[in-house]
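Trainee: Please take me through one part of this model in close detail. I want the numbers and the cut-offs behind them.

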Amino acid sequence: MAVFTAVSLDDLSQWIKQFPLGEVRALEGISSGIDNSNFFLTTERGDYVLTLFENLRVEQLPFYVQLMRHLAERGIPVPAPVPTHAGELVVTLHGKPAIIVSRLSGASQLAPGPEHCAEVGRMLARMHLAARDFPLAQPNLRGLDWISATAPTVMPFLSAPEAVLLRAEVAFQQDFAASATYAALARGPVHADLFRNNVMFEGERLTGCFDFYFAGVDTWLFDVAVTVNDWCVDLASGVLDAARVRALLDAYHAARPFTPAESVAWLPLLRAGALRFWLSRLYDLHCPRAAELLTPHDPTHFERILRARIEHGAPELPT
Ligand SMILES: Nc1ncnc2c1ncn2[C@@H]1O[C@H](COP(=O)(O)OP(=O)(O)OP(=O)(O)O)[C@@H](O)[C@H]1O
Ligand SMILES: N[C@@H](CCO)C(=O)O
């Protein structure tokens with residue numbers, strides 16, 4: 001269950017008047033999602049999603065919400081936040097910051113083929129280019145600073161082989177982040193969590209992506225790595241599927257060509273992407289938030305992916 005704050009039709013009848021959306025017709029809690037309370041909202045004007053932020057700090061929200069607006073205005077298929085009559089995008093409901101965004105059509109594609117991966121690669125490149133002139137900046141809050149600070153917290157819970165791998169990979173990533181190759185990588189606002197469950201499809205047509213609440217400024221290639229590590233792996237083994245990797249990378253490259261520095265950085269950043277989610281899943285498993293009711297994601301999946309990248313490498317980027 002993922003409606004942490006109950007909201008009723010009655011609660012909304014006055015509240016909705018600050019938006020140009022007419023009367024509320026229906027409200028339905030959304031059961032997936034682990035961070036926020038989400039509702040499908042139907043009004044006289046159409047279909048929307050209402051989100052109440054349970055954990056994010058209010059000062060973090062402008063980056064995410066303005067980024068969605070910026071991308072939507074440039075034709076990237078992401079939820080468009082609806083402003084109030086007064087022009088506010090974030091308002092309070094039951095004491096929590098809340099937004100209303102447009103509802104995307106379609107459904108997740110949890111068993112993607114190369115054609116789906118090509119759509120994702122194309123959209124990701126277009127998104128990176130469209131965000132180049134986004135004026136707000138916020139670092140990736142799950143970047144290397146967070147990784148370096150969090151690794152010692154989970155270390156006491158790990159087996160000896162896990163601890164050896166985690167210590168070695170954090171050191172490897174710290175060295176790589178200090179290199180000239182890393183400094184040469186293109187950067188900008190990135191989604192940073194573009195997993196299968198955050199993208200919608202109708203058949204083979206991508207209809208949109210959502211969940212920008214891990215977005216931040218980081219290297220574009222890190223975003224590609226996070227995306228490939230989810231969309232192009234065999235979920236049982238963590239092994240990359242060559243056809244899906246090729247489809248995603250070729251489509252990205254056609255819209256935003258990879259640079260020579262990115263070719264050198266590709267394997268280290270695939271490892272960085274695996275490390276980031278291995279560690280966040282370890283943290284959620286061993287250090288759960290108070291009153292956490294949800295089943296944590298399995299960390300061993302990303303440990304396997306990290307070991308597979310270290311041992312077997314990865315297909316090269318297109319040039
Ligand atoms: N704009 C949208 N259009 C259509 N469906 C949406 C939209 N936003 C969210 N959803 C639906 O709500 C669900 C939960 O949303 P979301 O993933 O953003 O929540 P969350 O609490 O941040 O979850 P998590 O952190 O687990 O990804 C999604 O799986 C999707 O089905
Ligand atoms: N995509 C994350 C969940 C948080 O969005 C994971 O699979 O660990």
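Mentor: What follows covers the second largest pocket, then the surroundings of ligand 2. This is a predicted model, in which local features need pLDDT of at least 70, side-chain atom pairs count only at pLDDT 80 or more, and totals for chains, interfaces and linings use all residues. Residues are numbered from 1 along each chain as its sequence is written, chains are lettered from A and ligands numbered from 1 in the order written, and side-chain values use heavy atoms, without hydrogens or water.

Start with the pocket. The second largest pocket (an open set of points on a 1 Å grid over the protein atoms alone, where a 1.4 Å probe fits, with protein on both sides within 12 Å along at least five of seven lines) has a volume of about 370 Å³. Its lining (residues with an atom within 4 Å of a point) comprises 21 residues. Nearest the centre lie Gly143, Leu144, Asp145, Tyr182 and Asp218.

Now the elements (DSSP runs: helices H or I, at least four residues; strands E, at least two). At least two lining residues come from each of α4 (144–154), α5 (160–177), β9 (216–219) and α9 (260–286). α4 gives the most, with 4 residues. By class, the pocket lining splits into 12 nonpolar, 4 polar and 5 charged residues.

Turn to ligand 2. Around ligand 2 (a heavy atom within 4 Å) sit Asp193, Phe195, Phe214, Phe277, Arg281 and His297. Asp193 places a polar side-chain atom 2.5 Å from an oxygen atom of ligand 2. For Arg281, a polar side-chain atom lies 2.6 Å from an oxygen atom of ligand 2. Alone, ligand 2 exposes 260 Å² (Shrake-Rupley, 1.4 Å probe). The protein buries 87% of that. This shell has 3 nonpolar, 1 polar and 2 charged residues.

Technical notes
Grid points are joined across faces, edges and corners, and a volume is the space filled by probe spheres set on the points. Ala, Val, Leu, Ile, Met, Phe, Trp, Tyr, Cys and Pro count as nonpolar, Asp, Glu, Lys and Arg as charged, and the others, Gly among them, as polar. A polar contact is a pair of N or O atoms within 3.5 Å; within protein, one must be able to donate a hydrogen and the other to accept it, and residues adjacent in sequence count only if both atoms are side-chain atoms.
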